[in-house]
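Welcome! Please take a moment to look through the sequence and the structure below, and then read on for a short tour.

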Amino acid sequence: MVEPRRSRRTSRRTFLTGLGVSVAAVVGLTAGQTFAPLSGLNLFGPRVRGFGPQGLPVNRTAEQAKVTELAMDPAWKLTMVNGDRSSSFSLAELRALPQTEVVLPIACVEGWSTSATWRGVRLRELLSTVDAASDAELVVRSLQPKGGYRVTSMGPEFATDDMTLVALELNGEPLHIDHGFPARMIAPARPGVLQTKWLSSVEVA
Ligand SMILES: Nc1nc2c(c(=O)[nH]1)N[C@H]1C(S)=C(S)[C@@H](COP(=O)(O)O)O[C@H]1N2
Ligand SMILES: [Mo]
């Protein structure tokens, strides 16, 4: 009876050692994605399927977009605008609204598409707080101070879709900052480039 127990302990220790090595390897790869000086060594890249926080690749991190401070600001609000009507929602206020869960991919032109579970507030519900018309064209703005993709337009075919969300969660967790914390747009059949991260406002054009 002593023998089997000892061998079980040995195999458990071997397993844990193996785990330690693979965790270190993952940290090494992630570091290459995060710190600019190492980026030349990053052979795997953030766009390989399954890499990136929360199981989803990242096309541009919060640091690269220079939004970290703005995105982490506890005073952050999402502002909805329709002419002279506007309404603002803190993260707590958005979380207190009815939440919807959808499974939708991010499809990037750079050659990857990964499906994920998103949870958040229907865009149409937020638009109704400023009486936006159902045929309204929208301007979606990010906190991102400069660079591409920070302002996009969105037609009513997306805005009125029940699956179009101001997403607060990804795969069961609050959005990682690199995926757009505190809130991002996610809509069906929309190119990845238009799935705006780090939302700041949604305005009727
Ligand atoms: N504000 C902002 N939103 C953005 C981007 C960006 O650079 N800035 N990149 C877009 C592109 S090209 C893609 S493919 C997706 C990637 O989302 P992910 O990094 O969460 O996977 O975000 C989109 N939203
Ligand atoms: Mo993309």
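A useful definition to begin with: Ala, Val, Leu, Ile, Met, Phe, Trp, Tyr, Cys and Pro count as nonpolar, Asp, Glu, Lys and Arg as charged, and the others, Gly among them, as polar. By that scheme, the shell around ligand 1 holds nine nonpolar, seven polar and four charged residues. This is a predicted model, where local features need pLDDT of at least 70, side-chain atom pairs count only at pLDDT 80 or more, and totals for chains, interfaces and linings use all residues. Residues are numbered from 1 along each chain as its sequence is written, chains are lettered from A and ligands numbered from 1 in the order in which they are written, and side-chain values use heavy atoms, with hydrogens and water left out.

**The ligand**

In total, 20 residues surround ligand 1 (each has a heavy atom within 4 Å of it), and the closest are P57, Q144, H179, R184 and K197. The table lists three pairs of atoms between protein and ligand; a polar contact is a pair of N or O atoms within 3.5 Å, and within protein one must be able to donate a hydrogen and the other to accept it, while residues adjacent in sequence count only if both atoms are side-chain atoms.

| Protein atom (N or O) | Atom of ligand 1 | Distance |
|---|---|---|
| P57, backbone | oxygen | 2.5 Å |
| R60, side chain | oxygen | 3.2 Å |
| S142, side chain | nitrogen | 3.2 Å |

Taken alone, ligand 1 exposes 530 Å², and the protein buries 100% of that (areas come from the Shrake-Rupley method with a 1.4 Å probe; for residues, only the protein chains shown count as cover).

**Two loop residues**

Is Q54 buried or exposed? Q54 counts as buried because its relative accessible area is 17%, where buried means under 20%, exposed over 50%, and partly exposed in between (1.4 Å probe, protein chains only). Q54 sits in the loop between α1 (2–34) and α2; helices (H or I, at least four residues) and strands (E, at least two) are DSSP runs, numbered from the N terminus. Its side chain makes a polar contact of 3.0 Å with the side chain of E173.

K66 belongs to the loop between α2 (62–65) and α3 (68–72). K66 counts as exposed because its relative accessibility is 59%. K66 and K146 are 80 residues apart in sequence, yet their C-alpha atoms are 8.4 Å apart in space.
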